[in-house]
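Reader: I have this model open at the bench and would like a close look at one part of it. Could you walk me through chain C, with whatever neighbouring detail helps me find my way around?

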Amino acid sequence: MTQIGLNHFLFVSVVLFCLGIFGIITRKNAVMVLMGIELILNSANINFIAFAKYGNFGYQGQMMALFVIILAAAEAAIALAIVLNIYKTFSTVNVDEIDTLKD
Amino acid sequence: MTENLLIQFAIIILFLPLLGFVVTLFLGSKVKKIFLFENFVLILAFILSVIMVFAKLNYYPQENIVSEFHWISLNNVPLFGTLNIDLGILVDNISVLMIFVVTLISMLVHIFSIAYMHGDKRYNRYFAYLGIFTFSMTGIVFTHDILMMYIFWELVGLSSYLLIGFWFEKKSASDAGKKAFIVNRIGDIGMFSGILILFSTYHTFTFDKIFTQISLGVLPFNSEFWLTVTGILIFCGAIGKSAQFPLHVWLPDAMEGPTPVSALIHAATMVAAGVYLVVRVFPILTGGALEFIAIIGALSAFIPATIALTQNDIKKVLAYSTVSQLGYMVMALGVGAYKFAFFHLVTHAFFKAALFLGSGSVIHAMHHEQDIRNMGGLRKKLPLTYATFLISTIAISGVPLTSGFLSKDGILAGTFAFGSLTGQWFFAFVGFFVALLTAFYMFRLVILTFHGEPRNKEKFDHAKESPFVMVMPLVVLAALSIFIWYTPNPFNPEQGAFLSKWIKAPTIVVPQNARYSFMKNDVIKPAEQVQTAKPKTEAEITFSESYTEAMHHAHIPAMLLSLTLAGLGILLAFSFYQWKKLDPDKLANSIKPLYKLSYNKWYFDEIYQATFVAFTLGLSNVLYWIDTYIIDGIVNGSATVTKQFSKFSGTFDNIVVDGLVNLMATISGFIGLMFRRLQTGKVQTYIVVVVFSLVIILFLFKSF
Amino acid sequence: MQNFPILSFITLLPLFGMVILLFIPKKQELIIKSTTLVITGIQLVVAIFLLKNYNYSLGGINDPSTFQFIEKFRWIDISGFSWIGKIKIDYFLGIDGLSIPLVLLTALITFIATLSSWTINKSVKGYFAMFLLLDTGMMGVFVALDFFLFYIFWELMLLPMYFLIGIWGGPRREYAAIKFFLYTLLGSVFILIVMIGLYFSTTETLADGTKVFTFNMLSMMNPQNFTAQGILSPLNPGNLRLIAYIALFVGFAIKIPMFPFHTWLPDAHVEAPTAISVILAGVLLKMGTYGILRVCYPIFPDITRQLVWYIGLFGMINIIYGALCAMAQKDFKKLIAYSSVSHMGFVLLGMASLNSMGISGAIFQMFNHGTITAMLFLSVGVIYDRAHTRGIEEFGGLATQMPIYAGFTTLAFFAAIGLPGLSGFVSEAFVFLGAFGFGSIRVLTVISTLGILLGAGYMLWTFQRVFLGGLKEKWASLKDLTFREYAMLVPLSVIIIFLGFYPAAMLNIMNSSVNAMVKVMTNAQTFYGSLLH
Amino acid sequence: MNNNNLNYLVNSLYLIKPELVISAVIVLLVLVDLIMMKNKKLLPYLSVAGLLVAAYFIIEHFETNTFAFSTGSSAGMMIVDPFGNFFKLLIVFASILVVLFSVASTEIKNSFDRHGEYYALIFGMILGMMFMVSASDLIVIYISLELVSFSSYILAGFTKRSIRNSEASLKYVIYGGISSGIMLFGISIIYGITGSTNLYEINSLIQAPQVQSLTFLLAGILIFVGIGYKISAAPFHFWTPDVYEGAPIPITAYLSIASKAAGFALLIRFIKVTFIQSIDPEGFWHLLAIIDWKTFIIIISILTMTLGNFAALWQSNMKRLLAYSSIAHAGYLLLGLAVMSNEGITAILIYFIVYAFMNLGAFFVVMLIANKIGSEELDDYKGLGYSTPFLGVSLAIFLVSLTGLPPTAGFIGKLYIFIALIDAKMIVVAVIALLNSVVSLYYYIKVLKHMFLDKAEKEIPAFTTSYSSAILLVAIVAPILIFGIYFTPIVDLAKNSITLLGF
């Protein structure tokens, strides 16, 4: 069994990133889309932590990850509030139905 | 009388008619009798010109008096220094004689018109136009340079346009005016091109200076060929103005103008300006150019003569006869019979003016009936008109004791001499044949109009002799058609002062080897020969001795032959129309195609209409179509394409629908549309595009 | 009087007038109109004053010391380290023999156009405000000697023109206005880019000896001022200079308008109100040729020599093509518009001659075309005001009904045909004489003479269809000219006739400048040639 | 943590006085909102006062050129330099105007009860943007970016009642979230390669030639996504039209100026500081060859302006049209960066000053008109030039300026961009940009056409604007005309502001 190294973390992070993108593109429900965004943010977080750990770069990575977690929470709060608002006006949270603003 | 005074006279004569024009034009609607002022001005001009002719020919028979001023001068021009454009007045024998003719006829026509035009609603305007014509014509006569010639050349074109279209309510009249102007312009383009060549070579317009330079051997583009071309191009102006073949088509149409105008402009003076032009530039014409001129002259003498045989409009016959006679003059110049060409110009002016005014008198009497088939027997009603008309007809037919005989005979002798010297008898043949035709159709005209029984009784009954102001000019002009004014010997014009003293052949300046062979100066003459040879005054020699010799020899045979032919022509006319021994209709039927060709004026108008006019109009329409749809379209695109795109979007903006007709804008719009397709309003589409573009960007830049 | 900024005065006066107009209540239409008339009248008087004090012997063109009424002061002066942001622009006005005829023309035409605008009754205030703004722009172009300033004035008149056509124009005014605007803007974009390119290629030495980049057109005309690395320097190998020249030329050519960029003109003319057509034809078109003479020629004499045949060619095409297109027209105004295309061709042809005669002819033709075409458009306006149609075929026999009007139109038509005795003849003759004197465009010149014939053709044909023949019943009530129309037509007629008889009056003004221009051109070969080796 | 560092931190506080003022105002606004439930009139004045104080502090230290929050010898998290101060001033200026706009806006007035949040959120944005323009560390960059974004998400949907508002805000949040997520991923990669998040440190680390360029390229471009979305550069602009159309007009105006300016400041700083190798005396930058930023920016900018201009041709909604126009202008601005020279940066700064006036002005007029006629549709603008000539003429001037025609300031902005381009011999690019501006004329002039050339379908009664609005409008119009003729002051300002710390 090989030692779990940087590359494994990076692999996970890339997979997460791609899953996030995939989720954002394919999901109709706004909440699911938001979750996709969370996945992306977290994939970056994994990167930060992994790099900090394996690269001996000090604490900047961890610090960044902490900030990101907080920001993600804030973002989720705002986003969910907006989704709620959307639900009130459109009676749906399907992002592909919300297209009154277009050319 | 000093030279200076002569110049002042010339200037006064030049500007008097202009004054008349301005005053008459501007006061025309206010002062009813203002036309009298115009008449007065012309009479004054005539008196002055009589004095001038007298003074010039008596006191300065040899001098060419010139006065010029810098009209425009460009100073310090790089490479040239000062470039002056001069206008000036040249008073020589030719110009004073010509001015005499012009003012005389113009005055007579003015007087004639007082009665003829009486009652016209634009009576004063008519006289104003006559005034500007006289001014322009005087300008042509007095000019000492080719630019001023061109300026007045165009101005006579303008006055001719105004006068032909004087009764512009008639479409035919306005058409004729337009046609005259445009056809003349065709010739003018040639003339102007010639001027361009002259100016770019000599940097001057003045005849004298150009002549001097050519005699020094300076040639356009350093080649004799281009000198020939220049001559021909300048002559193009004459082709237009003197209605020479192939631009003769405007003159018959110009008969739509009032008849006195036809007499003044389209018979006596303006159309002779072409001949006058050639006379002026004669020294620079090379052999080649002269030959070209002679050919054009011959064709112009012949074709209209054949047409005149069958025309039924009294003025049309005269018009074709005019073209034919002008052809004579031009041909005469072409074969070197310079003096006789000018002589014929003068004599023709008088008798043709008389003929036209006579026809005007007839038309006036017949209440604007012009068809000779409706006339006949008028000599009883219009005795004076008949008498003068007959005299003039005799003159034009070349019967002895008339001026026409003298001048025409000289021309025929010239062609004869030319034939004997060069072996080309074509011109002589044409000359004599046309003489026959002339005699025939002119007498046909006289007989049909004045002899026989009246064919239109009603009009005939109302006809009465014209008033004094109309008859007087006829008498004067007919009187001038008698030989006595020109020479004491009715069979030898050279004995008169006119040809022996007043008119002299000019010195040719063209390089020797570009001349007719017989015009070459006998440069190397053994000294003793000069002394032993019979001393001749310079005046007696035309161009070269051999030519003068040939002319002398040709004189008698030419005279006899022409007399015979004229007599034959008159005889034929009488047998056809007076004695009815021969039936013209029968003859016409037997040579139907020829008759039709003649009757339809050789179809010139139709051919031109079908080719040049149609081509130009067609081209203009095609180009305009191209302009609208292609040129504009390249930038603008077509409306249909735009509309197709407009379907894409309901909110297509007004301007675009109206026609942002632009292909450019259409493409722009299309690009815009493509961009818009991406803006679906669906956020996920956006993300997809972003991700895709990211991939593309990465792919693009990965090599770096 | 010596230090009075007279050129600024003549240029900015209309702008000042516009400001005054803005304070006049909208309802006071007569006061608005009179104010404009007074302003343009003063402008005309000042222009004549300029002419009176003009020294004929000074050439101008590329020599700053021989310009007259110069006003020059630093307008934008931004110093900078390295060169970043360092920019020096002069407020530099001055006139020479090339511009003074056009200054006169502008003042004259604007004044007459004001009279012609008297019939405007829709948003009078806005109209005259735009009109005066346009006036400033036009005048500014002709007096500016700094390229930057020139460009500002050049662009300044676009917007007023757009509105003047777009608001007060005919039925398809919006289309015509936008077309005009887009076309000219496209042209000026090219001018702008070359202007910047030239800026980076030329330097001017300041009083303290330092060299700065400059927009001064006169400095650009001196090849010594080009920096070695400058992209448009004659030293620069490659053909950037050629490309820049073509771009600049096209920019100006659109205004002329030169084939194939002329299609905006018929539309703009047809839709514009009479006064604006008059200005458009009388002044605006001249800006194109003026620009070429003022900018392209002296700054790029080397390239000009290289391309002169093509300029002549396009001149020829304009002449023939415009004339033929005019012949096909059924709309009186469109016909005149195409005739403008044809007549501007003469200007191009004359310019291509590169000799004194041709260039004099070209400038003179610019002036004459201004007066003659203005008169033609006014004539169309007179009839349009009365009959509300411009279809040539619809008229006929008007000479009977309106003899005086017909008289003036005859004069204008014959002037346009180039009848001797009227001003058009002299300029056309000069153009031909000059162009024929220049070997390489000789053939083009000869072909171009056909234009005289075609011109006579379509003009007389039109004249016949409109004025001659029988009068149509429906026009039997048309009135002849009013006093105001006299006031517009008489001055133009007088000028046309006067210059026909005494063209030296105008030719003498420009003589020195034309010679200076020709010298620039002739010296170019040696000058630029030596720089390269 | 030793005492020295703490001292340094305290000293740094002195450097961020403007930011501190803004933060204080946020608190104050919330408090005032709480205390004075009924009287919201005070809030805008308080905001303006706060902004003025902040502006005073910025100007006071305009020439400062130093790190803030640096720990010991290492480079700090923030920079205070003229370049940043310039943008801060610009942001404050835009904010003052937007606050004043908001006072005049009926849309905002209608949500009377939530004015406290409104101004507080605006100040949140201001704070974020101020950090953005002075950040020198990827962490600060990310956080400040998110601060701006969060505030603007809410502001875009501020007047919840309208469908357009909430939709705009949802799209904004999703799009923004993803963009910043992608950017974050890029940041993490850079961190992985270099081990630092500080731009200056990264710069010195990557001077060595062995840096893996492909990975770095990936990271750079991913980061660009985040910034590109802020400045609405194609192809990351998609949110712009939708959000601009949906958001309340003052916010749209604000987004089009302030957040774009902050984004540009960030982009310039990021590229210049991170990738610079040397600057030659002529002011041209020589970047490290890791990423061909020049080509990249050229492509992006041409794409952006072309797309913006061409798509704008078709718009029938004023806000949407202006949205596309602002995309196009982002393209022109990017060209200034593409020159990769100090000259180009000068041009950008000049352009921004001018752009702030003209774009804010245009939005202001659109807002005033919308206040009266309740519509932003172009079709409803027909004949407006006659019923409200003052607004009509003002809008005309703004649009002409946006087109870039003399004698308006817009021309000067464009001129400097082209000067920079041509001096850098990027002539083809300049020609493309100029042709683009010809295209842009068409849609700008279309607005004028509707206002002046077309007849109103239904009669609009003539209306006037309130004096305060009129004065404000004149205050925006006048500089456009004045700077168009005499542009020395703005050029001088811009020229003095191109100093980035260290360069």
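**Chain C and its neighbours**

Author: Happy to! Let me begin next door, with chain B, where buried residues make up 57% of the 704 residues. Please keep in mind that this is a predicted model. The predictor assigns the complex an ipTM of 0.89 and a pTM of 0.91.

Chain B is built with 30 helices and two strands. Taken along the principal axes, its C-alpha atoms fill a box of roughly 115 × 75 × 60 Å. Of the contacts in chain B with a separation of 6 or more, 79% are between residues 24 or more positions apart.

Now to where chain B meets chain C. Five pairs of chains touch, and the pair with the most contacts is B and C. Chain B brings 42 residues to this contact and chain C brings 45 residues. On the chain B side, at least two residues each come from strand E1 (65-77), helix H5 (146-164), helix H6 (171-202), helix H26 (604-636) and helix H28 (654-658). H6(B) has the largest share of that side, with 13 residues. Sorted by class, the side of chain B that touches chain C holds 24 nonpolar, ten polar and eight charged residues.

Chain C also touches chain D, in a contact that takes 30 residues from chain C and 33 residues from chain D. Here the chain C side draws at least two residues from each of strand E1 (68-78), helix H5 (147-156), helix H6 (158-168) and helix H7 (173-199). H7(C) gives the most to that side, namely eleven residues. The classes on the side of chain C that touches chain D are 22 nonpolar, five polar and three charged residues. Chain A is another matter: chain A and chain C do not touch, and their nearest C-alpha atoms are 24 Å apart.

Let's go inside chain C. Its mean pLDDT is 88, and 97% of its residues reach 70 or more. Among its elements, helix H3 (residues 100-116) has the highest mean pLDDT, 94, while helix H21 (residues 504-532) has the lowest, 81.

A good place to zoom in is the pairing of helix H2 (residues 29-52) with helix H4 (residues 124-143) of chain C, whose axes come within 9 Å and cross at roughly 10°. An angle under 35 degrees counts as roughly parallel, so H2(C) is roughly parallel to H4(C). From H2(C), the contact uses C:Glu29, C:Ile32, C:Lys33, C:Thr36, C:Ile39 and C:Thr40; from H4(C), it uses C:Val124, C:Lys125, C:Phe128, C:Phe131, C:Leu132 and C:Asp135. By class, the contact of H2(C) with H4(C) has six nonpolar, two polar and four charged residues.

While you are there, look at C:Ser123, in the loop between H3 and H4 of chain C. Its phi is near 40°, a positive value in a residue other than glycine. C:Ser123 counts as partly exposed, because it has 19 C-beta neighbours inside 10 Å.

Another backbone detail is the cis peptide bond that joins C:Ile256 and C:Pro257, with omega about -10°. C:Pro257 sits in the loop between helix H9 (240-255) and helix H10 (264-271) of chain C.

Further along, C:Ile495 lies in helix H20 (residues 483-501) of chain C. C:Ile495 has 23 other C-beta atoms within 10 Å and is therefore buried. C:Ile495 and C:Ser34 are 461 residues apart along the chain, and their C-alpha atoms are separated by 24 Å.

For comparison, here is a helix pair in chain D, which averages a pLDDT of 88, with 97% of the residues scoring at least 70. The axes of helix H3 (residues 42-60) and helix H6 (residues 115-134) of chain D come within 10 Å and cross at roughly 15°. H3(D) and H6(D) are therefore roughly parallel to each other, and their crossing is right-handed. D:Leu43, D:Pro44 and D:Ser47 in H3(D) meet D:His115, D:Gly116, D:Tyr119 and D:Phe123 in H6(D). This contact of H3(D) with H6(D) has four nonpolar, three polar and no charged residues.

Chain D has a cis peptide bond too, from D:Ala234 to D:Pro235, with omega near 0°. D:Pro235 is in the loop between helix H10 (213-230) and helix H11 (239-246) of chain D.

Definitions and conventions: Residues are numbered from 1 along each chain as its sequence is written. Chains are lettered from A and ligands numbered from 1 in the order in which they are written. This is a predicted model: local features need pLDDT of at least 70, side-chain atom pairs count only at pLDDT 80 or more; totals for chains, interfaces and linings use all residues. Two residues are in contact if their C-beta atoms, placed from the backbone, lie within 7 Å. Helices (H or I, at least four residues) and strands (E, at least two) are DSSP runs, numbered from the N terminus. Ala, Val, Leu, Ile, Met, Phe, Trp, Tyr, Cys and Pro count as nonpolar, Asp, Glu, Lys and Arg as charged, and the others, Gly among them, as polar. Axes are lines fitted to C-alpha atoms, for helices over the stretch in contact, and angles run from 0 to 180 degrees between N-to-C directions. Angles under 35 degrees count as roughly parallel, over 145 as roughly antiparallel, 65 to 115 as roughly perpendicular and the rest as oblique. A crossing is left-handed if the near helix is turned anticlockwise from the far one by less than a right angle, and right-handed if clockwise. A residue is buried if 20 or more other C-beta atoms lie within 10 Å of its own, exposed if 12 or fewer, and partly exposed in between; C-beta atoms are placed from the backbone. pLDDT is the predictor's confidence in each residue, from 0 to 100.
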